Amino acid sequence: MLPVEVTWAALCSFSTAPRTNPRLFVQIQEVKVADSMASFKAFLNSPVGPKTTHFWGPVANWGFVIAGLVDMQKPPEMISGNMTGAMCIYSGLFMRFAWMVQPRNYLLLACHASNESVQLYQLSRWAKGQGYLGGEKKGEASSQ
């Protein structure tokens, strides 16, 4: 049986070395590292880990989100309404796919939800620029 001081140190102080038994601190740190490695290995070999397309597909699709965020700086006249609408439909369909596929792909769902938000904002900018959302077109406003 362990002395009372070592047991108390093990229960109360994992972040600092116990004063009574420094070997116990090393053992605790080894257990933490082993748990971290086991968690990483479990992720690496999981059905949605980096060895599968369930991981790399969403990672690649974040490029759509980044491109949409960069395009927010461009004028609305440069936005293609057809392409933005297609991207909205695409992301909506793939959000459903990410939810229905087994195992559920939360990374893909988050990617397409983000892309849907960015593309809907771009679509609203395009519609305002075209005069569909109550705003005037720039050409009509300057001619009056």
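Here are a few notes on the pocket, the surface patch and the salt bridge in this predicted model.

1. Start with the largest pocket, which holds about 250 Å³ of space. It has 14 lining residues, and the ones closest to the centre are Gly68, Asp71, Thr84, Gln119 and Gln122. If you want a place to centre a grid box, that set tells you where the middle is.

2. Where does the lining of the largest pocket come from? Helix 3 (53-71), helix 4 (81-100) and helix 5 (106-130) each put in at least two residues. Helix 3 gives the most, with four.

3. As for chemistry, the lining of the largest pocket splits into seven nonpolar, five polar and two charged residues.

4. Asp71 is worth a second look, since the name comes up twice: it is among the residues closest to the pocket centre, and its side chain meets that of Lys74 in a salt bridge at 3.2 Å, N to O. The count for the model is one salt bridge. Side chains of opposite charge can pair when their charged atoms come close.

5. Is that pair buried or exposed? Neither extreme: Asp71 has a relative accessible area of 28%, so it counts as partly exposed, and Lys74, at 36%, is partly exposed too.

6. On the surface, Ile89, Leu93, Phe94 and Phe97 make a nonpolar patch of about 410 Å². Phe94 sits in helix 4, a helix that also supplies at least two residues to the pocket lining. With a relative accessible area of 33%, Phe94 is partly exposed; patch members need over 30%, so Phe94 qualifies on that count.

Note on methods:
Residues numbered from 1 in each chain as written. Predicted model: local features only at pLDDT ≥ 70, side-chain atom pairs only at ≥ 80, totals over all residues. Heavy atoms only, no water. 1 Å grid on protein atoms, 1.4 Å probe; cavity = no way out; pocket = protein on both sides within 12 Å on 5 of 7 lines; lining within 4 Å. Points joined across faces, edges and corners; volume = space filled by probe spheres on them. Nonpolar A, V, L, I, M, F, W, Y, C, P; charged D, E, K, R; others polar. Patch = residues over 30% accessible without salt bridge, like charges linked within 9 Å, V, L, I, M, F, W, Y side chains within 5 Å. Areas by Shrake-Rupley, 256 points an atom, 1.4 Å probe, with all protein chains shown as cover. Salt bridge = Lys/Arg side-chain N within 4 Å of Asp/Glu carboxyl O. Buried < 20%, exposed > 50% of the residue type's maximum accessible area, 1.4 Å probe, protein only.
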